[in-house]
Amino acid sequence: MDQNNGRRVVLFPLPIQGCINPMFQMAKILHSKGFSITVIHTRFNAPKASSHPLFTFLEIQDGLSETDIRTDDNTWLFTLLNRRCEAPFRDCLTKLLKSSDLETGEKKQRISCLIHDSGWTFTGSVAESLKLPRLVLNVYTISYFRSHFALPKLRRDVNLLSQDPDQDDVVQEFPPLRKKDLVRLLKEKREYLEPYLNMILESTKSSSGIIFVMSCEELDQDSLPKAREEFKVPIFAIGPSHSKFPASSSSLFTQDETCIPWLDKQEDRSVIYVSFGSLASMTGPELIEIACGLRNSGQPFLLVVRVGSVKGTEWIEAIPEELMAKVNEKGKIVKWAPQQEVLKHRAIGGFLTHNGMNSVVESICEGVPMICLPCFWDQFLYARLVSDVWRVGLHLEHRIERNEIESAIRRLLFGSEGEAIRERMTLLKDKVERSVEENGSAYRSLESLIDHISSF
Ligand code: UDP
């Protein structure tokens with residue numbers, strides 16, 4: 001019998017796709033190590049319990065209205081969620097702990113700890129009052145997480161920064177971000193940024209450990225020792241485990257499965273896959289530029305346009321009929337794709353991405369080179385890691401223009417520059433794969449995480 005049989009871990013994801021997927025990967029890993037899993041989740045963006053018959057699900061009220069959900073300010077949304085969910089979460093966890101105390105005999109299961117997304121900030125006081133150990137699951141890279149606490153201070157200097165003539169220079173407090181990226185990031189509407197980040201910092205430092213679920217030493221270089229010094233709690237960088245535990249089962253959207261038979265008909269490494277994740281939006285003219293750039297490249301393409309992601313329209317009405325006819329000659333547009341399966345497909349030659357952390361890591365795990373078009377927040381940093389540090393992709397430098405897109409596709413798929421990018425990507429993919437395999441750095445980190453949880 002597994003030594004962890006009879007122990008339960010409670011997980012509490014932040015309700016957005018990019019945070020739900022890594023939390024469910026964590027759940028699957030822990031389950032494979034013998035732990036039972038209970039997921040406490042909000043009503044908003046509730047995960048599909050039927051896709052995970054082995055886990056127990058408990059829903060709490062979040063009190064969000066339709067207007068709250070439609071906000072374009074995520075910091076505000078997360079602040080609201082933290083305010084509204086504290087009492088229901090406390091009740092739910094208290095009842096759960098009580099019921100596990102009442103269990104007897106073989107049924108008895110001790111709750112080892114709570115693992116929550118770093119974006120939940122009230123969990124510290126709740127877990128402390130219930131004497132439950134608490135780990136913070138982090139979906140950022142270690143480097144981004146460390147540096148992003150400097151954002152409120154940098155925001156106060158944004159006017160100075162935007163007038164700096166050397167916009168291509170790296171920001172000292174936030175490498176490898178360039179000044180022009182930071183100016184964009186700091187202009188985002190983010191009310192409550194400073195108090196929210198302070199609460200995250202406090203909640204992280206008072207936890208029993210931090211899990212970086214998509215980072216490993218190979219991807220985060222020298223950030224790990226620095227983070228250990230700063231946070232003074234155990235840190236586990238367990239690396240991407242996408243090949244063993246795919247994210248598709250935790251999708252909040254219906255995946256268009258016709259993508260795969262369509263890809264089957266395309267030549268090897270010929271297709272450009274385009275997706276901007278679950279949150280980013282664009283304008284109608286931007287969609288037209290992207291569609292024209294793809295079409296003019298002459299390559300087949302698979303473009304994901306989420307319903308409601310083109311401002312002021314329902315779906316792809318912004319594309320005029322004449323252009324749509326041309327797009328349909330070589331392209332396919334879907335509302336949501338089975339992304340990991342798509343990236344795995346032999347026909348994919350490149351990924352035009354918004355550089356969400358999940359997308360970047362999934363692309364690396366499948367060895368697909370990228371074209372970077374970051375939209376907000378941490379995406380700006382990951383785009384620089386991809387283009388400037390790992391050099392496994394090209395950066396559009398924030399130009400959403402048809403000629404730029406067409407030329408980037410050609411540079412990536414043909415010629416020596418693309419060849420060198422592919423070679424580096426193969427090396428990076430191998431390095432990350434070795435890290436999660438037996439005795440790799442991420443593998444060892446996961447082993448010590450399991451020991452840590454078992455010691456509670
Ligand atoms: N995704 C998907 N189908 C799509 C687009 C995205 O399955 O058409 C998944 C993708 O595989 C990733 C997640 O949604 O796991 C998006 O997370 P990411 O961190 O890349 O971006 P976010 O949505 O947080 O901006």
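The legends below describe several views of one predicted model, beginning with the whole chain and moving to close-ups. Residues are numbered from 1 along each chain as its sequence is written. Because the model is predicted, local features need pLDDT of at least 70 and side-chain atom pairs count only at pLDDT 80 or more, while totals for chains, interfaces and linings use all residues.

**View 1. The whole chain, with 20 helices and 13 strands.** Helices (H or I, at least four residues) and strands (E, at least two) are DSSP runs, numbered from the N terminus. The C-alpha atoms fill a box of roughly 70 × 50 × 45 Å along the principal axes. The radius of gyration of the chain is 22 Å, which agrees with the value near 23 Å for a compact globule of 456 residues; this radius is taken over C-alpha atoms, and the globule rule is 2.2 Å times the number of residues to the power 0.38. Of the 456 residues, 44% are buried, where buried means that 20 or more other C-beta atoms lie within 10 Å of the residue's own, exposed means 12 or fewer, and partly exposed lies in between, with C-beta atoms placed from the backbone.

**View 2. The two domains and the contact that joins them.** Domain 1 covers 7–249 + 435–454 and domain 2 covers 252–433, with bounds that come from an automatic or database domain assignment. Their C-alpha centres lie 27 Å apart, and the contact takes 32 residues from domain 1 and 27 residues from domain 2; two residues are in contact if their C-beta atoms, placed from the backbone, lie within 7 Å. On the side of domain 1 that touches domain 2, helix H1 (17–32), helix H8 (179–186), helix H10 (217–220) and H19 each supply at least two residues, and H1 gives the largest share, five residues. The residues of that side divide into 16 nonpolar, 10 polar and six charged, where Ala, Val, Leu, Ile, Met, Phe, Trp, Tyr, Cys and Pro count as nonpolar, Asp, Glu, Lys and Arg as charged, and the others, Gly among them, as polar.

**View 3. Helix H16, enclosed by the rest of the structure.** In helix H16 (residues 357–366), 10 of the 10 residues are buried, so the helix is largely enclosed by the rest of the structure. Among these buried residues are Met357, Asn358, Val361, Glu362, Cys365 and Glu366. The helix is followed by Gly367, whose phi is positive, near 70°.

**View 4. The packing of helices H18 and H19.** Helix H18 (residues 402–413) and helix H19 (residues 415–436) pack at an angle of about 65°, with their axes 5 Å apart; axes are lines fitted to C-alpha atoms, for helices over the stretch in contact, and angles run from 0 to 180 degrees between N-to-C directions. That makes H18 roughly perpendicular to H19, a term for angles of 65 to 115 degrees, whereas those under 35 count as roughly parallel, over 145 as roughly antiparallel and the rest as oblique. Arg411, Leu412 and Leu413 in H18 meet Gly415, Glu417, Gly418 and Ile421 in H19, and the residues of this contact divide into three nonpolar, two polar and two charged.

**View 5. Backbone details at Pro176, Arg269 and Arg391.** Most residues other than glycine have a negative phi, and most peptide bonds are trans. The peptide bond from Pro175 to Pro176 is cis, with omega near 0°, and Pro176 lies in the loop between helix H7 (158–163) and H8. Arg269, in the loop between helix H12 (259–264) and strand S8 (271–275), has a positive phi near 50°.
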